[in-house]
Amino acid sequence: MNRHAPPLVLLALVTAIAPVALHMLVPALPLLAVVFDAPSGAVQLVLTLFLAGIAVGQLVYGPVSDRFGRRPVLLAGLALFLGGTALCGLAWSLPALIVGRTFQALGGCAGMVLGRAIVRDVYDRERSASALATIMMAMSLAPSLSPLIGAYLAEWSGWRADFVLLGLVGAAVLVLTAAKLEETHAPVPVNFIGMIGSFVLLLRSPAFLSFAFATAFTSASWFTFLAAAPCLLSELLHEPPSTYGLMILLPMAGYILGNAGVVRLSVLLGSARLFITGLAVSLASGVMLAVWCLADLTPWALFVPMAISSIGNGMSQPPGVAAGLSVYPRIAGAASGLLGFMQMGVAALGTLLLGLLPRDSVTAMVAVVGASLALAQICGLLTLRRSAQASHTMPAAPLPGKAAKGT
């Protein structure tokens, strides 16, 4: 097995492909409602089921990559992403588009899972937090620009042009991955009982669950905002899709700034303190969002608080993910898949809850985002106790099918 670290640029590309696909279509959601003559709640399934597809896919890719290796599983996922993108570009109805988006998500999420697992294969816990932050900071540039590009493509050439561009990008990433990525994990024989045992072991770990739920509720706050903002801008403020494409640059830049803080502050403050601080910043911004939006709804009232929240998210997510993957390093692939499943699953539930609430005001979005940030802070505070307790119990915990070595 070759454990040489692959280029961080390549890991950023494979990790970014699904977020790029997700964000590029978001500004066009109000347009899709007109094109397919469908209510906004039905069109929102384009986002909700994309998140659900990412959740399910991550649950599978993690343990499968532990058994078969990172490289072949990642290549298969990128190929599935291309197939889903083609179906979306040819979609003749809203259900066909939703199915294509689901396949897109199932394939693209391979990069999200395996990018994290590959980092954990070649770095220890502290260095993996820094590497994850560097990858996330670099990959955030693409999702930052994709809503703006998607908005103008939809206005100028129609929504199908978004998928033409996504297909070209996906093909390029597939070719680069086949050429540059070497295997970083020694495959082991297939053992489905072992796969289930890996998940059970992680679900019985209070330390893992605390980090996983904290990052999951943080993700839910962000994706709930993404689901609500285009409709609020279009229906209540009568703004074109390009307004969303421009304003979303603020929170995206905030996330990059938060990631940059991780690289510099993780050594000085320690990952635990940085994690809690980031969650606190996000919660404070949620209060700001409620006050500003309920007082006077404007694009700035929507996006400035979320930009501050994104700074906190950028500070908290990398150390939270790194800590979750480090609970049992020998099953980092399963941990990455389960953590990603919980993040996207909770986010999908948040967007689904938003669709069930009244859409004639900003109140529903403020309530779901605020509740998600509060729950993330509570789970984050629990990690302070549980991680200390887990440090004493983890070495004695058995791995599925064999005794665990000390971690």
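User: How many helices and how many strands are there in the chain?

Analyst: This is a predicted model, and its chain is described here by its secondary structure elements and by the burial of its residues. Buried residues make up 58% of the 407 residues in the chain, and among contacts between residues at least 6 apart in sequence, 86% join residues at least 24 apart. As for the elements themselves, the chain has 16 helices and zero strands.

User: What span does helix α4 reach from its first C-alpha to its last, and which residue follows α4?

Analyst: Helix α4 covers residues 45-68, which is 24 residues, and at 1.5 Å a residue the expected span is 34 Å. The model comes close to that expectation, with a span of 33 Å. The helix is followed by a residue whose phi is positive, near 100°, and that residue is Gly-69.

User: Is Leu-338 buried or exposed, and which residues is Leu-338 in contact with beyond its neighbours in sequence?

Analyst: Leu-338 lies in helix α15, residues 332-356, and because its relative accessibility is 5%, under the 20% cut-off, Leu-338 counts as buried. Its C-alpha atom is separated by 8.5 Å from that of Ala-55, although the two residues are 283 residues apart along the chain. Leaving aside neighbours within four places in sequence, the contacts of Leu-338 are Gln-58, Leu-59, Phe-199, Leu-202, Leu-203 and Phe-208.

User: Why does Ser-146 count as buried, and which residues is Ser-146 in contact with?

Analyst: Ser-146 has its place in helix α7, residues 125-157. Its relative accessibility is 2%, and because buried means under 20%, Ser-146 counts as buried. When neighbours within four places in sequence are left aside, the residues in contact with Ser-146 are Val-20, His-23 and Met-24.

User: What is the volume of the second largest pocket, and how do the residues of its lining divide by class?

Analyst: The second largest pocket has a volume of about 340 Å³, and of the 20 residues that line this pocket, the closest to its centre are Leu-13, Ala-16, Val-20, Ala-142 and Val-169. Two or more residues of the lining come from each of α1 (8-25), α7 and α8 (160-180). By class, the lining divides into 18 nonpolar, two polar and no charged residues.

User: Which element gives the most to the lining of the second largest cavity?

Analyst: The count of cavities of 30 Å³ or more comes to three, and the second largest cavity has a volume of about 60 Å³. Its lining has seven nonpolar, one polar and two charged residues, among them Cys-231, Glu-235, Arg-359 and Ser-361. Both α10 (206-236) and α16 (363-393) supply at least two residues of this lining, but the element that gives the most, with four residues, is α10.

User: How many aromatic pairs are counted, and which residues form one aromatic cluster with Tyr-244 and Phe-303?

Analyst: The count comes to eight aromatic pairs, including the edge-to-face pair of Tyr-244 and Phe-303, with 6.1 Å centre to centre and 70° between the planes. This pair links distant parts of the chain, 59 residues apart, with Tyr-244 in helix α11 (residues 241-247) and Phe-303 in helix α14 (residues 299-325). Both Tyr-244 and Phe-303 are buried, and the residues that form one aromatic cluster with them are Trp-222 and Phe-225.

Definitions and conventions
Residues numbered from 1 in each chain as written. Predicted model: local features only at pLDDT ≥ 70, side-chain atom pairs only at ≥ 80, totals over all residues. Heavy atoms only, no water. 1 Å grid on protein atoms, 1.4 Å probe; cavity = no way out; pocket = protein on both sides within 12 Å on 5 of 7 lines; lining within 4 Å. Points joined across faces, edges and corners; volume = space filled by probe spheres on them. Nonpolar A, V, L, I, M, F, W, Y, C, P; charged D, E, K, R; others polar. Buried < 20%, exposed > 50% of the residue type's maximum accessible area, 1.4 Å probe, protein only. Contact = heavy atoms within 4.5 Å. Phe/Tyr/Trp six-rings, centres within 6.5 Å; stacked < 30°, edge-to-face > 60°. Expected span 1.5 Å × (residues − 1).
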